[in-house]
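Please look over the sequence and the model below. The text that follows starts at the ligand and then turns to a pair of aromatic rings.

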Amino acid sequence: MRIILLGPPGGGKGTQGDLIAKRTGFPRISTGDLLRRAVRDRTPLGIEADAAMKQGALVRDEIVLGLVRERIGQPDCRGGYVLDGYPRNLSQARDVQALDPDRPEIVIAIDVAEDEIVRRLAARRSCPACEAVYNLEARKPVREGACDACGGALFRREDDEPEVIRERLRVYAEETEPLLAYYREKGNLRRVGGGNGMEATFAVIRGILDPPLGAAAKAGMQA
Ligand code: AMP
């Protein structure tokens, strides 16, 4: 199964994606993480992506498609995978369909109000070393400024600064939101309110995913 998480930046895709990964055993694939890794390693692709990411713009479709193709071709994706942050526009939605056409797909759109998003992103801190994410209000690290998982120093992502957040929200509304209509028409869109906290949101998502996953397991089919 391909599980696609849609939603604005700061809407909880990463957190819910991790919970889904734990429950299903499918890896979570975050194109933002893949791109940040390429930027950190100064690969040619990362050097090109860096400028767009700093501005809150989308990275070129071909670059992201290359990363996704490579990642979903790995053996741990054979049974299924969770896409977090991909697709982000209509051409990427067509790309992923063409890349892996026969896989059953469920699209979960997480809805969060804009003022809540801005608040969450302002409080978000990330560990560049191990990619763990914290929130200074809702999910604090045990030791201030340090990652619980690896002890690395926590930073505010450059693109979580207020003026870049505004641009990312504009890009989301313009390029990514049309995907809601696209997937609604395909018949596989499920919308979930994301404003009630991590556990409540996941309870709803579990209710959506468990029946099809259970049915696939029973039939001995590829999920
Ligand atoms: P994220 O971590 O998902 O918020 O992504 C951070 C940044 O990476 C975005 O603002 C974009 O610049 C870039 N990015 C991530 N995923 C994509 C994608 N599917 N297409 C284009 N750019 C992306």
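How far is an oxygen atom of the ligand from an N or O atom in the side chain of R36? In this predicted model, the distance between the two is 3.0 Å.

Two further polar contacts involve nitrogen on the ligand side. In the case of G85, a backbone N or O atom is 2.9 Å from a nitrogen atom of the ligand. For Q92, a polar atom of the side chain lies 2.9 Å from a nitrogen atom of the ligand. On its own the ligand has 480 Å² of accessible area, and the protein covers 96% of that area.

The wider surroundings of the ligand consist of 16 residues. Those that come nearest are T31, A57, G85, R88 and Q92. By character, the shell divides into seven nonpolar residues, five charged and four polar. Helix α2, which spans residues 31-40, gives the most to this shell, with four residues.

The remaining point concerns aromatic rings. A pair of such rings is described by how far apart the centres are and by the angle of the planes. The count for this model comes to one aromatic pair. The pair is formed by Y182 and Y183, with ring centres 4.9 Å apart and planes at 75°. Planes over 60 degrees apart count as edge-to-face, so the pair of Y182 and Y183 is edge-to-face. Is Y183 buried or exposed? Its relative accessibility is 0%, and buried means under 20%, so Y183 counts as buried.

Key: Residues numbered from 1 in each chain as written. Predicted model: local features only at pLDDT ≥ 70, side-chain atom pairs only at ≥ 80, totals over all residues. Heavy atoms only, no water. Near = heavy atom within 4 Å. Polar contact = N/O pair within 3.5 Å; in protein donor to acceptor, adjacent residues only side chain to side chain. Areas by Shrake-Rupley, 256 points an atom, 1.4 Å probe, with all protein chains shown as cover. Helix = DSSP H or I, 4+ residues; strand = E, 2+ residues; numbered from the N terminus. Nonpolar A, V, L, I, M, F, W, Y, C, P; charged D, E, K, R; others polar. Phe/Tyr/Trp six-rings, centres within 6.5 Å; stacked < 30°, edge-to-face > 60°. Buried < 20%, exposed > 50% of the residue type's maximum accessible area, 1.4 Å probe, protein only.
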